[in-house]
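Me: I should be grateful for a close look at a single part of this structure, set in the context of the whole. Please treat the surface first and then proceed, residue by residue, to the contacts.

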Amino acid sequence: NALTETQVLVKYEIMDGAPIKDEVIPVRLYLGGIPADLTPTYDGSTTNGRFNVRYFLNLVLVDMEDRRYFKQQEIVLYRQHLG
């Protein structure tokens, strides 16, 4: 009986024009520009099995013929030790 909550934090257009086959497109995501209170990534072992916090980067690539290619990648956020 799990509840999943999804929220879109921000959307970016990172490239103008059509990509070339096998081209690598580097992406840098600045977390300071995201209008939300981000927490570190938590799994069930950290929270005694009560909840998980996971973040995903959803990429959509549109080619010259308006075909869409989708990729979802989990990202892990760490917090440096305070003090």
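Reply: A nonpolar patch of about 500 Å² lies on the surface, and the residues that make it are V10, Y12, I14, V27, L29 and L31. The model in which it appears is a predicted one. One member of the patch, V10, belongs to the segment before β1, a strand that spans residues 55-62. V10 has a relative accessibility of 33% and is therefore classed as partly exposed, a value that also satisfies the requirement of over 30% for membership of a patch.

The general setting should be given before the closer view. The protein contains two strands and zero helices. Of its 83 residues, 8% are buried. Its accessible surface amounts to about 8,100 Å², and carbon and sulfur atoms account for 50% of that area. When contacts between residues at least 6 apart in sequence are considered, 29% of them join residues at least 24 apart.

The part chosen for close examination is the hairpin of β1 and β2. These two strands pair in the antiparallel sense, and the pairing runs over eight bridges. Two of the pairings can be named individually. V62 has R68 of β2 as its bridge partner, and L59 stands opposite K71 in β2.

Between the strands of this hairpin there are five residues, and one feature of the backbone there deserves attention: D66 takes a positive phi near 60 degrees. Most residues other than glycine have a negative phi. D66 is not a glycine, yet its phi is positive. D66 is located in the loop between β1 and β2. With a relative accessible area of 61%, D66 is exposed, because the class begins at over 50%.

A salt bridge involves E65 and R67, whose side chains meet with an N to O distance of 3.0 Å. The two partners fall into separate accessibility classes: E65, at 56% relative accessibility, counts as exposed, while R67, with a relative accessible area of 45%, is partly exposed.

Attention may now move into strand β2, where F70 is found. Is F70 buried or exposed? F70 has a relative accessible area of 63%, and so it is exposed. Its contacts, leaving aside residues up to four places away in sequence, are with L59 and V60. For L59 the separation can be stated exactly: the C-alpha atoms of F70 and L59 are 5.7 Å apart, although eleven residues separate them along the chain. L59 thus appears in two relations already described, being touched by F70 and standing opposite K71 in β2.

Further along the strand comes E74, which is placed in β2 (residues 68-75). E74 touches R54, Y55 and F56 when residues up to four places away in sequence are not counted. As for its distance from N58, the two C-alpha atoms lie 8.6 Å apart in space, with a sequence separation of 16 residues. Among the residues touched, R54 calls for a fuller description. The side chains of E74 and R54 make a polar contact at 3.3 Å, and the pair also forms a salt bridge, in which the closest N and O atoms are 3.3 Å apart. This salt bridge links distant parts of the chain, since E74 belongs to strand β2 and R54 to the segment before β1, 20 residues away. The pair meets the definition because the distance of 3.3 Å falls within the 4 Å limit for a salt bridge.

How accessible are the two partners, E74 and R54? E74 has a relative accessible area of 33% and is partly exposed. R54 is likewise partly exposed, at 47% relative accessibility. The structure holds two salt bridges, and both have now been described: R67 with E65, and E74 with R54.

In summary, the hairpin consists of antiparallel strands paired over eight bridges, with D66 at a positive phi in the five residues between them. The R54 salt bridge ties strand β2 to the segment before β1. That segment also holds V10, one of the residues of the nonpolar surface patch.

Terms used. Residues are numbered from 1 along each chain as its sequence is written. This is a predicted model: local features need pLDDT of at least 70, side-chain atom pairs count only at pLDDT 80 or more; totals for chains, interfaces and linings use all residues. Side-chain values use heavy atoms; hydrogens and water are left out. Patches are made of residues with over 30% relative accessible area and no salt bridge: like charges are joined within 9 Å, nonpolar side chains (Val, Leu, Ile, Met, Phe, Trp, Tyr) within 5 Å. Accessible areas come from the Shrake-Rupley method with a 1.4 Å probe; for residues, only the protein chains shown count as cover. Helices (H or I, at least four residues) and strands (E, at least two) are DSSP runs, numbered from the N terminus. Buried means under 20% relative accessible area, exposed over 50%, partly exposed in between (1.4 Å probe, protein chains only). Contact means heavy atoms within 4.5 Å. A polar contact is a pair of N or O atoms within 3.5 Å; within protein, one must be able to donate a hydrogen and the other to accept it, and residues adjacent in sequence count only if both atoms are side-chain atoms. Two strands pair if DSSP finds at least two bridges between them.
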